[in-house]
Structures are given as structure tokens and as C-alpha cells.
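Trainee: Could we go through this one together? I'd like to understand the words people use for it.

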Amino acid sequence: MIMPLDHLMSRRPVPFELFDIDILSAGDAELMELSTKLGLNLSVDEMRMIQRYFAQRMRRPTDVELQSIGQAWSEHCCYKSSKKFLRDHIFGLSHPDVLAKGDAGVMAFDKDHAYALRIESHNHPSAIEPYGGAATGIGGIVRDVLCMGAQPIALVDPLFFGPLDFAGELPAGAKHPKYLMGGVVAGIRDYGNRIGIPTIAGGIWFDERYAGNCLVNVGCIGIAKRSEVVRNAVRGTGDVLILVGGRTGRDGIHGVTFASAELHEKSEEESRGAVQLGDPIMKEPLIHACLEVNSKGLIHGMKDLGGGGLSCVVGEMALSGDCGAVVDLDKVPLKEEGLAPWEIWVSESQERMMLAAPERNVRRILDVFELWDVPATVIGKVIKEQVVRLSFHGVQVFEMDLDFLTKGPEYCRPTCVQEPPALIQEEFPQLPRELTSALLRLLSDHNIASKEWVVRYYDHEVRGNTVIKPLHGKLGLRGPGDATVIKPLDDSFRGLAIAVGVNPWFTSLDAYRGGQASVDEACRNIASVGGVPHSLTDCLNFGNPEKPERLGEFREAVRGIGDVAAALGLACPSGNVSFYNETAKGACLPTATVLGVGIVNDIRKCVTTDLKQEGDALYLVGDTRQEMAGSALFRAFGGRGGDVPGVVPAALSLSMGCLQECMERQLVRACHDLSDGGLAVALAEMCIGGDAGVNADLSGMAKLPSAVKLFSESHSRWLVEVPRDKENEWLQRMRAPSCRIGTVGGEMLVIEDKDVLVDVEVKELRRAWSEPLWKVMG
Amino acid sequence: MSRDVRVCVLRIEGTNCEEETARAFREVGASPEKVHLKQLLHQCPKDMARDLSSYDILALPGGFSAGDYVRAGAIFAARLRSALSKELEEFVRSGRPVIGICNGFQILVELGLLPSLEGVMSVQPEAALYVNDSARFECIPTLLKHENEGSCLFTRTLPKGKVVMFPCAHAEGKLMLPQEREPALLKRLEDRGQVVFRYVDPQGRYAGYPWSPNGSISSIAGVCNPAGNVLGLMPHPERVFHRYTHPDWTRSALDPSGDGDGRAIFQSSVEHVRSQR
């Protein structure tokens, strides 16, 4: 793997592979060559910082030390390009219910319990090896939640691919979107189903700009007793470090540095080894054993081994406890003999966790792991000095100050923001004369059509707590859902509503409004089922941050998320940034995925999207505006320019408050948010799930062209079914703008606005919406 | 006060429905315990060792035991058979209730405890739960018609002909009997009252795909042994213990916190144990 730069690298006369590297005398060109040859992916400035550090200590670094810095200073690990913007707009969001910010955020659930949440990306590995990449993505996010002391209870997977029928030219080395989607879904299915954590929400988005840049975002929610929430840190000297779970091998070497660069045609050849191998049947008992030693009070800290492997976990755990550590690399259980110490140190082999525990508890901890046949080994101990030292075969191969190693560089790179499209005159597309056919076309758009093909692959009910499922409606008919609800505690009706929000098209046209859109959508989905939005975790997938326009999109999207979250008083206790989602053919759509979690006071009052009762009234809540830019209609029929929908947080907040009050009083029989395809698509979807028709008349809405009323994607809007005998009470309590637009009944969806606009059988709507993905994927 | 009804909820790595299965037994007043196979084999610290004979009910929950990388349930069954077959056979002969749900059903078939065509426990499996006709993992609601005449200890509180909704989540649930003797063996199962549940559609008719998610012979979803104390079924009654986990509860006038369709299974077996004292 290493091609020694002979004059700079000298092999030490020890019975294993160890190199001393003479960077002290290296010039810039040689430093860069070293960075490349060793796979460090560091810049010349960063290499110079390292040079200075070792010059002060008057010694040459070992390959183990340089590799360790390469991991710790990667974009993936230290957020060097993004931190400034996150600090400006997200980190400052304070919330009294935030209990911890570690590998996952932890929020108060009730007086005795907490929930943990986190979302991250596994984009590059999934582009190379979709099945394994997605599976180990799930594995990683589950460990992030587990290491807070929380039992994982739900998985969420937003996925982004090129069009399934993509016939264009893919970037060199890239795989076809249909192949990628098949592999990714199978990877999530086989891993998630085996570890017994329900996959309950997510979504799939398709666009040409994801061809070659597929995105695999993986989220996890967990539940814990507040008293058992654990730190990702050692407590102090006297603690030993216990490595538990899978063995360490050559899989997953340089995963983080690979994730911190653009994909190119040689990526597969060079980086296949960066994709880890997942083993759900090691993970499943690992979860049991880790939670058991934690709830028995045997450990002081716990952290997962993810990006950078041991090299990151040891330093971060020790430093968080204001300590250092010594580790004996000989003790690490290996998959095969002959690994060099740097490989053991940076390997990202899966299913591993690190425990910090007092020495006196070691025997009892090992017993718990022994019952589950999960390896557990003491590999080191905590020391007072904030230094990490490694030995291998009795030789010290590594000694570094933690402050230098883990702090990493931070950049304020230049940004540049494009003009929003509102400055471009709206060009409304030519629509078919029969708007019914436009509606059917949108329902069949893969971005809108039913995802049942995927949903049925995932066990969304294991653990027996899924109260509101991903698909709603009459048994066997399966219309769409907005949010999924989990009832995490046996003796309480309190629930968690979980939903995703993201609109990459809005973000690409107006990144600030795109960021706002993610939060609005997650919130309105949560409100739809009867939840009160409580916290967010974001996964920000963007292109190369060294390009000012890419970083400009990032900056604006983060500002949009932060502004709405702040206005609504939401917490954002965790998140993830993924840059370099870019190939020679261009960047992915800027994709600011938000995973929102809401509190449901009483799950028995939850509401689903399917229409329920003939004669009930239908109300539209929220203001509709001429905001067509980036809409599904414009994308399908070729519209240009116009306004990207903006968010008015006060209006969103008022509407959600009123909706929640009305649901509490059981004045709402069904509720569905308006998103892709606007009012027309939302109405159709409610009909599909409920197997009921609607007679709608839009003339009571604000004066707008009929096609705008039907297809505008203005935010903060819902359709609500109100029981006939409760309309008066509804009208009293709904203080947000609302408008009666129709009545439930019959077998047809008929929409009028002076003229009849849409006139179609529910059966036909169902066919258009339900079948497309089955047809392509088989 | 009567003695606790002790339920052994048996697990190994990859068993993953033990929490909700144990909870279901707990909510009908029994005392379930999640027990690792190694505890029954005494391969553990002394205070954790357990004996199968000390339990009143044995439950094999769903999941992917040992990963199900061979045939589903085969590895768990092989470990049980090699170390514990005498105790298991004794447990069944004593008439104590044994239930296998989903992966548990697959294990019971691999063990030869079901369909129990010849004797209590066959040396070789007499049937198979094969890959679904759709070749897909299917997580969907299924409707089951109760077909048992009253022999099955787990369905005594369900009237014959009653249709219940238990959801499915499996890739290998197609019950198959040896092809050359299929009609005769199916008739034997029926004659001896061993068919407990069949998949039906919303009109109550015996169903094909997707209401039968797997293409099982004669739409069979669950079978018991001739004595009625061993039940195996692919759908998950523990997932619909309460009404609020039924997929369409928001469409129903029933109290969401009321009983779900699955409760009857756990209730019946625990009541049976109590009635025997």
C-alpha cells in the first residue's frame, strides 16, 4: 500500500513494519508527495504545521503518527471548513431540554427519560459499494446513539439517487442509479432488519445531479433513562480502556480521508478497502451487552469506533476527560496477522465500541460480553498527562500531545452566493389542457410516487412500538404518511413523532430558503400526526467546499436552518457535514437533510393522512402564494424563474399551535401536509389512503391562477378533515388562516375553481401513484 | 395467590423480538424471563444458569438468530438439538405450551417439533419454511382466519372462524411439505386439527399474494402439534398486543388503548397453565 519515498522514509529495524519519516528536511513538494503517497489528504499548510510540531520536539514522526493526524484533521473528523458557519448559526441554539451533545444529541423526553438523535452521511462508501456502504452506515449511526447509553429504537434513511431510468453519460467509474438504489435498499434491509431496530422513516429523491453523487443519509433515535445517559469520555486516571465488539482488520482503512475528497474514476480501485464490512450479528449482541454494563453502572464512559477507528476514539475520549492514555496495540484482537501498527490504529473495522471503566469492574464487564460471545479486551489505561502513547511489541511507536492532535485546523474559506431566482422573471410552463393529466403525471413522478416498494422491505414494526406507521390508510391500500410515531415506554402514552424535511431543488435555487424549507417540512410533518416539534439533527451534503459557490450554498442553507430553528425554539443537539459530493461532472444538488423529532403528549390522539368519513369538511390551513420556483410542476413541465417558497416562522408556529390544539380536542379526523406537487397532490394522496373521493372548490382561496392554487408549494400548509358536527368548534379554535375547500364523499376527486380543473376516479389516482416504483424496480 | 407462570423467552445472538414477546406475557400477568441459550446450557457464571424444566411456557421469539445466513432458524435449531433435545422433548411431552413466532416457527420446524407428523419430535425436519414466492422480505399487515377446533392452547379464547390481523415481517415463510406426499400430509394436518391460522383477504376468502405474503401451502400461516401445546406461526401477535399498534387504528371507533388482536394468544396460554394447577 505504501510506496516509500526512499530518501524520506526509513524502516526501523523492528520485527514489524514501522517507518520514521524525515519531514523535518522536506520541502513543500516533498511534503505534498508524502501527503499523497501516505493517503493523508492533507494540504501543504497542514503538512507544514506538522513539520513545525516535530521540529520543536527534534525528532522525526513515525508513519503511525502521521496517519493518525491524517485521520484527525480530515474534513470528516474535524469539520475544518464548516465549523465557522455552524458556530455562527447552529451551535448557539440553546434549549433547556438538551441534556448532552456527544456522538448523538440527547434531549429530555419526560422527567425520567431522554431520547438521543443523530443523522449522518455514508455517501462515498455507498457510491463505491452500495450494499456494504449503506449497511455500515446504519451500523455507525446505531453506535452513535448507543454510546450515549441509549437503546436504539428507530432508523431513518433519506436517500438520493440519479433517475432510475437514467440514460445519460455517468461520470467515469460511477454506477447506475438503479443498481445503486437496489444495493443501498438491500443493505439497509439486511442490516436494519437483523439488528432488530425498525426502519420507520426516510424518503427517496431523484435528480440527474445525484447521478455519480448518490447520497445515503442514515439517522437513528434512541431512548434512555436520564440516569443512564453516559459521557463519551473517560472519568480519570484509574480507568482502563476496554475495546469491545468486532475484531480489527484491513477493511475500512482511510475511510475518512476518502470521504473528504471528490470521487473520481479511480476511486473504486484505490478506495475499495476504505469501505468497511458490516456484521449485524456481531452488532445485535453488542448492543445488548453495552447497554447491560451501562445500566449496571459498571462503566464511566463509552464511545463508538467510527471514522478514524482507534486513532480518533482514544484521543477524543481521553481529552474529553482531561486526561491522556497509553495503549498496547498488541492487545487489539485482529482479523488477520501481520497488520502494521498504523493499520491497527486507523482501521475502521465495524461493530467496535470503547468502554472506559474502573479496573475493579473489568471482570464483571468481561462476563457480560462473554455470555454474548462478543470479544472484550483491555487495551490500555488512562494517564494524567494529556498525551497518547502507543506501544507495539514493546516499542513505543507513537507519542503525541492531544491538544495538537485533536484540535485540527479550522478555515474560513471564501464563499460566494448566487442570485436568487426571484430576480428572474417567472416563465410558467405550458400545461396540458386537462389538468387531471398534469396531476396524474406528478403522482407518477418518482419523487412523489409511493415508496411502498422500499417500505415493505424494511421491518418497521420490530420492537412492537410503532404506533403510526410509514404508510397510512385502509388495510392493504397504503397511502402516504407524514411522520412516524414511536411509543418508547411501556407505561406511558407519550410518543416521539419522527420525520424528515429536505428540498434540494429549492436549495439549489435559493440556499437560504432551502435551509428554511428543510425545517418547515420536518415541522409540518410532525404537526400533521399530532406532534410538537422539539429537536432537529441535520445532515448537510454539499460539494467541494474549496469552491466558493459550493461553500456559499452551504453557508446560506445553514443560516436558513438556524434562523427557523431559532424562531421556533427548536434544539439542534447533533448533526453532520458531508462535503466533496462532487465529481468531474459537477456537484450533487445541495442537500440539507433535517431529521426532526416531536413530542406527542398522548399517542391515542394521533392523526393519519387518509380520509375517513363521508360528509366531513376539508379545510386548507396556511397561506398559498405564487411560489413556483423549484416546484414539482416546474420540474416536470419546464417552468423557470419565479419565487422559491419562503418561510414565515410566526405563521408556521401559529398554525402548528392551532392544529395541535384541535387535534388534542379531536376535531381532526385526517391531516396531511402540502409539499411536492402542492394542494392537488396532497388531496389525491388523502383520497388514495382513505379510498374516498372529494368534491373541492378552490374559489374561496386567495386570488391566484388556478394552476398556482393547485400546484404551488408554499410552506406551512396542511389539508385537514374536520368532522361535520365539529366544524363550529374548529372554526373557533383555528386562528391561523384557513379556508374550507371541500367535502369528503364519492369515488371521484373533483376540483373546481369556477371551471372544473380535475375530475378523476380515486382508483386511477391510486394506480398512477402506487405503481411506478414497482414497475422500474421489479 | 397462585404461583407465577414462568415463561422462558429464549434467545441467542440475532434473536430480536424478545422484548415485545416478554412484554406481551408480562401484560397478561405471567413472569417472563429473557434467557440466553448459554444459560440453559450452563455456559455462564453460576448465578445466571437456568434449567428449562423450571419454566411453564417456552417462547421462541422472532428475529434473525445467528444471522439466518443458512436456512432461517437452522443454526439456533442445531444448537438446541445438539445440547438440549432431551429436555425439549420432555418439555413438550409434559404438555407445557411452546410457541415459536416467525423465526421461532422456523426454529420449531427445523427442530422437528412441528408439524409433528410422526411422534413428538422428528429426527429430520418434516416440512420447510421456504423463501416467499415474491422473493422479497415482506413487512405487511396480514389477516388470519382462526381454523382450530379448540385443541390449540394458544387460541382457546378465539372462536373458530374469527379473523384477526397480525402483521408479517419475513423473507422465508412459505410452508412446504414433502412434495410426493403433500396431499396426504396436508389432509393429515387438517384431520388432526393442526391447522391453526390461514391467510385470508378482507372478504374472508383464503388468500393468495399479497394477503398471503409467502405462497404457503393451503394459505397456512400457523400450525400446532396434534396435542395442541406447540404452536408455530409466521405473523407476529406480539406486535398487535394493543389496538394502537394496529395499522388502521386511527380509522376505528375502538379504544386505541384497548386489546389488540394478538393478546388472545398470550392470554390463552397463560390461562391454560393456571387452569392446570
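Mentor: Let's begin with two domains that touch: 6 residues of domain 2 of chain A are in contact with 4 residues of domain 3 of chain A. It's a predicted model, where local features need pLDDT of at least 70 and side-chain atom pairs count only at pLDDT 80 or more, while totals for chains, interfaces and linings use all residues. Residues are numbered from 1 along each chain as its sequence is written, with chains lettered from A and ligands numbered from 1 in the order in which they are written.

Trainee: What makes residues of domain 2 and domain 3 of chain A count as "in contact"?

Mentor: Two residues are in contact if their C-beta atoms, placed from the backbone, lie within 7 Å. On the domain 2 side, α8 (177-195) and β7 (199-206) of chain A each supply at least two residues.

Trainee: Why are V762(A), L765(A), R766(A), A768(A) and W769(A) of helix α26 called buried?

Mentor: Because a residue is buried if 20 or more other C-beta atoms lie within 10 Å of its own, with C-beta atoms placed from the backbone. These five residues of α26 (762-770) of chain A are buried, so they meet that cut-off.

Trainee: How do you know that the buried residues line one face of α26(A)?

Mentor: Seen down the helix axis, they fall within an arc of 165°, so they line one face. The arc is that of the directions from the axis to the C-beta atoms. What covers them includes α16 (435-444) and α23 (678-690) of chain A.

Trainee: And how many residues of chain B are in contact with chain A?

Mentor: 35 residues of chain B, with 36 residues of chain A. β6(B) gives the most to chain B's side, with 4 residues.

Notes
A residue is buried if 20 or more other C-beta atoms lie within 10 Å of its own, exposed if 12 or fewer, and partly exposed in between; C-beta atoms are placed from the backbone.
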